Amino acid sequence: MVGKKKRKGGKTLVNIVLGVICFLWLLPTLGLFISSFRPAADILQTGWWKVFPHQEWTAGETLQLSKDVDLRAPIEVNGKTYSDDELKAGVKADDSRLIWENRRARTVNVQEQGWKTTPELTLDNYNNVLSGKEYKLKEADGSETTQKGTGLSQAFWNTLTIAVPATVIPVLIASFAAYAFAWLRFPGRKTLFVIIIAMLVIPIQVALIPVLKDYTALGLNGSYLGIWLAHTAFGLPLVTYFMYNFISQLPKDLFESAFIDGASHFTIFSRLILPLSVPALASIGIFQFLWVWNDYLVSLIFIGNQPSVQVMSMKIADLVGSRGNDWHLLTSAAFISMLMPLAIFFLLQKYFVRGLMGGSVKG
């Protein structure tokens, strides 16, 4: 009975801790989501939580003090004395608050506290991000012209064009390599596997300049083929190691039965390994896709920052403007960029945990 109560208490504690962690993770996301629908002026003046009912001081009656009031001495307002600093910050008097309205003119505002909400929401941020913001430019003759900026649509398709092949290619190659390392016997197998895994500790930044020089010599720089190969090379070590852990734990009887029936290695891989490895393929595919989708540095180096080839991460960084005037657009742009990764994750989530657990238990 005591043991059962302890288990129940431990389970409750775990649920509470998980609930707190989820709340802390979701709170900034909720704030970002609400801010994406708020007008720019509201974002600059108040916090996102102001859209919910809250208590706030509102301007009320204005009291005119004598012009001769010495601000360095105690100031009398409604029979009570306050200092200049207290009136600057706002001082509570009964159910109201006294605060300078115009210190030079010696006017004090009596503010009342009440429930207020600022539910004004708009889709202007999303419209400006998707279709491009309109800018007013003044010409030399004094006339004004309106110019429309570029939206995220081109950057979205550029990112998708890069992310899908850069996910499929390394996952497919790594699956072949993992099968070979796990079930084939050839000279230098262990040494080659150690070399591939050792590449996990090499920072990507170390390889950027040497690879860029080779790309320039081969004419691959600025092309989709070049960025696909770059993401494939940088992602292969981790994907290979992940797939090896899964494939190496498959029952040996499966392969013996297939060999007895006369199946070749390619047949075994395509008919047995790939169907059984769907959870692992989905899991590592999610990680690889998220990495490529959110990549900025590799795309900037190997494909460039021209508007025709910009990816989402570059375009979102440009939305803020050269002087940071349009940073409020980042909230809506962030959620637009999250749509595709979220869709991929929810589409493959049933395989995600199974893939992560694959290879952790033998037998």
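# Questions on a predicted model

User: In which strand is the place of K92?

Analyst: In this predicted model, the chain can be followed to residues 91-93, which form a strand. K92 falls within that run of residues, and its place is therefore in strand β5.

User: Does K92 count as buried or exposed, and at what relative accessibility?

Analyst: A residue counts as exposed when its relative accessible area is over 50%. K92 passes that cut-off and so counts as exposed, with a relative accessibility of 57%.

User: Which residues does K92 touch, not counting residues up to four places away in sequence?

Analyst: Distance along the chain can be set beside distance in space here, since the C-alpha atoms of K92 and V110 are 18 residues apart along the chain and separated by 9.6 Å. V110 is not the answer to the question of touch, however, for once residues up to four places away in sequence are set aside, the residues that K92 touches are W57 and R97.

User: Where in the chain is R106 found, and what is its phi near?

Analyst: R106 is found in the loop between β6, residues 96-102, and β7, residues 107-116. As background, most residues other than glycine have a negative phi. R106 is a residue other than glycine with a positive value, and its phi is near 60 degrees.

User: What is the relative accessible area of R106, and is R106 buried or exposed?

Analyst: Buried residues have a relative accessible area under 20%. The relative accessible area of R106 is 14%, and because this falls under the cut-off, R106 is buried.

User: Which residues does T107 touch, not counting residues up to four places away in sequence?

Analyst: T107 lies in strand β7, and at 8% relative accessibility T107 counts as buried. Not counting residues up to four places away in sequence, T107 touches T62, L63, Q64, W100, E101 and N102.

User: Which residues touch the most other members of the largest nonpolar core?

Analyst: The largest nonpolar core has 30 residues. The elements that give two or more residues to this core are α4, α5, α7, α8, α11, α12, α13 and α14. Within this core, the residues that touch the most other members are V129, L152, W293 and F302.

User: With which residues is V129 in contact, leaving aside its neighbours within four places in sequence?

Analyst: V129 is one of the residues that touch the most other members of the largest nonpolar core. Leaving aside its neighbours within four places in sequence, V129 is in contact with G151, L152, L319, L329, S332, A333 and I336.

User: How many residues are in the second, separate core?

Analyst: This second core is separate from the largest one, and its members include A178, M243, I247 and F255. The number of residues in this second core is 19.

User: Which element supplies the largest share of the lining of the largest pocket?

Analyst: The largest pocket has a volume of about 340 Å³. Of the 16 residues that line the largest pocket, the closest to its centre are M199, I202, A233, F234 and P237. The elements that give two or more residues to this lining are α7, residues 204-218, and α8, residues 224-247. The largest share, 7 residues, comes from α8.

User: How many nonpolar residues does the lining of the largest pocket have?

Analyst: Sorted by class, this lining has no polar and no charged residues. Its number of nonpolar residues is 16.

User: Which residues line the largest cavity?

Analyst: The structure holds 1 cavity of 30 Å³ or more, and the largest cavity has a volume of about 40 Å³. By class, its lining has 4 nonpolar, 3 polar and 1 charged residues. The lining residues are T159, I162, H231, V292, W293, D295, S299 and V311.

User: With which residues is L272 in contact, leaving aside its neighbours within four places in sequence?

Analyst: The place of L272 is in helix α10, residues 265-276, and L272 is partly exposed, with a relative accessible area of 25%. L272 and A258 are 14 residues apart in sequence and 9.0 Å apart in space, C-alpha to C-alpha. Leaving aside neighbours within four places in sequence, L272 is in contact with L254, A258 and T267.

User: What percentage of the residues of the protein count as buried?

Analyst: The protein has 14 helices and 9 strands, and it exposes about 22,300 Å², of which carbon and sulfur atoms supply 63%. Of the 363 residues of the protein, the share that count as buried is 35%.

Methods
Residues numbered from 1 in each chain as written. Predicted model: local features only at pLDDT ≥ 70, side-chain atom pairs only at ≥ 80, totals over all residues. Heavy atoms only, no water. Helix = DSSP H or I, 4+ residues; strand = E, 2+ residues; numbered from the N terminus. Buried < 20%, exposed > 50% of the residue type's maximum accessible area, 1.4 Å probe, protein only. Contact = heavy atoms within 4.5 Å. 1 Å grid on protein atoms, 1.4 Å probe; cavity = no way out; pocket = protein on both sides within 12 Å on 5 of 7 lines; lining within 4 Å. Points joined across faces, edges and corners; volume = space filled by probe spheres on them. Nonpolar A, V, L, I, M, F, W, Y, C, P; charged D, E, K, R; others polar. Areas by Shrake-Rupley, 256 points an atom, 1.4 Å probe, with all protein chains shown as cover. Core = buried A, V, L, I, M, F, W, Y, C linked by side-chain atoms within 4.5 Å.
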